[in-house]
Amino acid sequence: MGSAEAIRTENLAKTFPGGVEAVRDVSLAVQEGEIYGFLGPNGAGKTTTVSMLTTLVRPTRGRAMVAGLDVVQSPREVRQEIGLVFQDSTADGELTGRENMELAGGLFGMNRSECRPRIEELLTRMDLVDAADRRVKGYSGGMKRRLELAVAMVHTPKILFLDEPTIGLDPQGRAGFWRYISQLRREQKVTIFMTTHYLDEVENLCDRIAIIDHGDIIATGTSDSLKERVGGDVVELRVPATSPDLTTTLGAVPGVREVSRDGAVYQVRCPRAEGIVSPLVRACDAQGVTIEGVTVQRPSLDRVFLALTGKAYREEGYDDGRAAQASAFGGRARRGR
Amino acid sequence: MFLPLRSLLKREYLRWVRAPTWIVAGLLSPILYLLLFGQAFDLGKLVPPVPAAQTGLTAALLGAPNYFSYFAVGMVGLVAVTSALFAGTGVIFDKQLGILQRTIATPVRRSTIFLSSLIFRGLLVVLPIFIVLGLALGFAQIPGLAGLTVTQTIGATGIVEVLVAIFVLAIAFTSLFLAFGFLFARVESYFAVVNLLNLPILFTSNALYPYGTSPQWIQNITAYNPISLAVDVMRENFFGSTYYAHPAYVYLGGLVVWAAALGVMALLLASRALRTK
Ligand SMILES: Nc1ncnc2c1ncn2[C@@H]1O[C@H](COP(=O)(O)OP(=O)(O)O)[C@@H](O)[C@H]1O
Ligand SMILES: [Mg+2]
C-alpha cells in the first residue's frame, strides 16, 4: 500500500437546480491502494458524490482532488486516470464483450496493439473468455457486472469508482463479485472507491469506510473502529448454574468495560474481543468456575448506523437512486433490457 | 482525436450492420417511392399534347424533359429528410441506456462525440440518395420505365457541385435532427417535433411538384427551403440554366449557409447536453 492520497475532498457539496441539497459536506481522504467504502441509504448522496469525483457533476462548493488533480480544473486529465462502473449496466448490448472493451480502449486513445493483450488479460481475470465474442445482451447479470469491471479497467486506471456495483445481484453473485474486486485490487494495484447500501459489503471488502446520510458524512474509519465507537465487542460466557456471582471478578479483568449478568450467562463488553478471552477464562478458573461456553459478538454496522443516526438502517427502494443518476443527463432511468 | 473517433464510428457501424431489418427497410423505402409514385403519377399526362401547353410544362418543370426526371431529382430532397428523421434517435437511446454517460466519463472530446454522430448519420443519409439517383438513371435505360434523363453534358464543376450539394444537404438535415436528439430525453417528444417539421419542410420545397402555381408567400419560402436549394443545384446542372435566375453555385452557397447554421445549432445543443451539470 502506498502512502500517497488517491482522493481528497474538502467540504464538497452539491445543490441541484431546484434546491435539492444532494451533498452538503463531504470531506474525506482515500489512500492509494485502499478499497474505500462509501455507505449510506438511498438518496443519501452517494451517486452525486461519485459523479463529482468523476467529473460528471460540478460541485457547488468545496474541492475534490482525484489522482492529484483538481476535478474542476482538470476534468479531462482526471478522466484519463479513473475507471467507472455505474449503478446500471452501460455496455452496448448489441456489441460483444470484446468489442465493448475495444471501444473503451479506443476512447482512452489506445491503439489495437495496446488494447489486445490488456483485453485478453482482463477477460481471463474476469472469467469472460468464453463469452467474449457473444453479444452482451445475452449475458447474465453477473457476467454483465464483470464486463463492466473489465471495461472500466482497460486503460489501467489508477482509481476505480464503483457505484453500487452489486445492486440487482443475488447473494451468490455478490459474493462472487467481491472476489473479483479483491483480486483486481491485489493484481492491478488499483485504488477502489465503492458506494453501497449493503452493510455486509463494506464489512467484508473495504479497508475503510465513510458513512453518509442526508448529504453529510457522519462517520469515517475502519469498520472495527466504527464498531468500537458503539461499544465494541461482546463476549458471552456461560457458567454452571451453581457458580458464585462473577460480576466483580470479570469486571476487574483489564480491558473490560462493562459486565452484565442474565442468570448463568455473563455479557462482557470490551473494545476488542481479541486477547481478552483467555484472561476472562483464567479469572473464572481462579474462582474455581469452569466455563461451559464462550461466544464473541461483534456489533454489526447496522448497530453503528443506528447509534450514529438514531435511525435503523433500511435496505429498500433503490429505484429512486437510479432515476436520480440518469436524470443528471436529461435521460430517464431504464432498467436493463 | 482520431482513435476515439474511429472507435465511436466503429460502434455505430457494428450496431447498424447488426440490425438488418432496419437497413433493408431504410434502403427499400426510397426505391418504393421511385417505383410506385414515380411510375404511377405523370404530371405531364395532365397537360394537353399541344406545343404551347408543352412549352408551359417544360417551364413549370424548370427544363426537365419529363415529370419523372423532375421528380427523381426532387426525391433526393425527400430521401434526405426521411432518412435523416432517425438521426437523433441513437443519441436518445444512448442517453437512456447510460452509454452516453459512459462516453462522457472518458477523456473523449465533446466535439468528437458530436462529430461521430454527424459523420455516421450523415453517411446513412447520403447512401440512399445515391441509390435513388443511380436507380433513376438506370430506369431511363429500361424500355417501358420512366427514368431520369439528363439533358446537359455535365462537366467536372457540375459533378462537384452536385456531389457537394448532396453532402451538404445531408449535413444540414442530419444536424437538424441530431440537435433534437441531444435536446430531448424521450423518443416520443423527439418524434412529435420531428413529425411536425417533416411535412412543412417537404411541402414548402419544390422537390415533388412545380411551385409556380402556389401563392407568392409560399413561393418566397420555397426559394429558400434547403431542399429547394439542393434540388436547384442538381436540376440546373442536369437540365440547363434556362429557367434559373442564378448560376448553380449561388443556390449551393445558400445551402452551405443552411448547413452551417444547423450544424452550429446542433453542436451547441450537443455541448449543452454533454457538459458537466
Ligand atoms: N440531477 C438531479 N437533480 C435533482 N436532484 C437530484 C439529482 N440527482 C440526485 N438528486 C437528489 O439528490 C439526492 C441524492 O441522490 P443520490 O446522490 O443519487 O443518492 P444515492 O446515490 O445515495 O442514492 C436525492 O434526494 C436525489 O433525489
Ligand atoms: Mg445512487
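Select A:Glu120 and A:Arg98 in this predicted model. Their side chains meet in a salt bridge, 2.3 Å from N to O. The two residues come from distant parts of the chain: A:Glu120 belongs to helix 4 (residues 112-125) of chain A, and A:Arg98 to helix 3 (residues 97-107) of chain A, 22 residues apart. With a relative accessible area of 32%, A:Glu120 is partly exposed, because the partly exposed class runs between 20% and 50%.

Stay on helix 4 of chain A and add A:Glu121 and A:Arg118. These side chains also form a salt bridge, at 3.4 Å from N to O. About one helical turn separates A:Glu121 from A:Arg118, because they are three residues apart in helix 4 of chain A. Colour the pair by accessibility. A:Glu121 counts as partly exposed at 33% relative accessibility, whereas A:Arg118 counts as buried at 9%.

Now move to chain B and pick B:Glu188 and B:Arg186. Here the side chains meet in a salt bridge of 3.9 Å, N to O. The cut-off for such a pair is 4 Å, so this one qualifies. B:Glu188 is exposed, with a relative accessible area of 51%; B:Arg186 is partly exposed at 35%.

Return to chain A for a group instead of a pair. Select A:Glu5, A:Arg8, A:Glu10, A:Arg63 and A:Asp70, which a network of salt bridges links together. Over all chains, the count of salt bridges comes to 29. Side chains of opposite charge can pair when their charged atoms come close.

**The nonpolar interior**

Hide the charged side chains and show the nonpolar ones. In soluble globular proteins, nonpolar side chains tend to be buried together. The largest nonpolar core in this model has 110 residues. To find it, select the residues with the most contacts inside it: A:Ile7, A:Leu28, A:Val66, A:Phe161, A:Phe193, B:Phe173 and B:Phe177. Helix 8 (residues 156-183) of chain B is the element that gives the most to this core, with 14 residues.

Centre the view on A:Phe193. What is A:Phe193 in contact with, once its neighbours within four places in sequence are left aside? The list is A:Ile7, A:Leu28, A:Val30, A:Tyr36, A:Phe38, A:Val50, A:Leu53, A:Leu160, A:Phe161 and A:Leu162. Apart from the largest core lies another, of 48 residues. Select A:Ala104, A:Ala131, A:Met143 and A:Leu226, which are among its members.

**A patch on chain B**

Turn on the surface of chain B and select B:Ile119, B:Leu123, B:Phe130, B:Ile159, B:Leu163 and B:Phe167. These residues form a nonpolar patch on the surface, and their accessible area together is about 490 Å². Helix 7 (110-139) and helix 8 of chain B are the elements that give two or more residues to the patch. Pick B:Phe167, which lies in helix 8 of chain B. Its relative accessibility is 38%, so B:Phe167 counts as partly exposed.

**Strands in chain A**

Switch to cartoon and find strand 11 (residues 233-238) of chain A. Strand 11 pairs with strand 13 (residues 265-270) of chain A in the antiparallel sense, over six bridges. Strand 11 is also joined antiparallel to strand 14 (residues 293-297) of chain A, by five bridges. Label A:Leu237 to see both pairings. A:Leu237 stands opposite A:Tyr266 in strand 13 of chain A, and its bridge partner in strand 14 of chain A is A:Val294.

**Two threonines in loops**

Next, select A:Thr55, in the loop between helix 1 (46-53) and strand 4 (61-66) of chain A. A:Thr55 is not a glycine, yet its phi is positive, at about 70°. Is A:Thr55 buried or exposed? At 3% relative accessibility, A:Thr55 counts as buried.

Then go to A:Thr156, in the loop between helix 5 (141-153) and strand 7 (159-163) of chain A. A:Thr156 also has a positive phi without being a glycine, in this case about 50°. With a relative accessible area of 47%, A:Thr156 is partly exposed.

**Chain A as a whole**

Zoom out to all of chain A. Its secondary structure comes to 12 helices and 14 strands, and its C-alpha trace spans about 75 × 50 × 40 Å along the principal axes. Of its 337 residues, 52% count as buried. Among contacts in chain A with a separation of 6 or more, 71% involve residues 24 or more positions apart. The accessible surface of chain A is about 14400 Å², with 47% of it belonging to carbon and sulfur atoms.

Key
Residues numbered from 1 in each chain as written. Chains lettered and ligands numbered in written order. Predicted model: local features only at pLDDT ≥ 70, side-chain atom pairs only at ≥ 80, totals over all residues. Heavy atoms only, no water. Core = buried A, V, L, I, M, F, W, Y, C linked by side-chain atoms within 4.5 Å. Buried < 20%, exposed > 50% of the residue type's maximum accessible area, 1.4 Å probe, protein only. Helix = DSSP H or I, 4+ residues; strand = E, 2+ residues; numbered from the N terminus. Contact = heavy atoms within 4.5 Å. Patch = residues over 30% accessible without salt bridge, like charges linked within 9 Å, V, L, I, M, F, W, Y side chains within 5 Å. Areas by Shrake-Rupley, 256 points an atom, 1.4 Å probe, with all protein chains shown as cover. Pairing = 2+ DSSP bridges.
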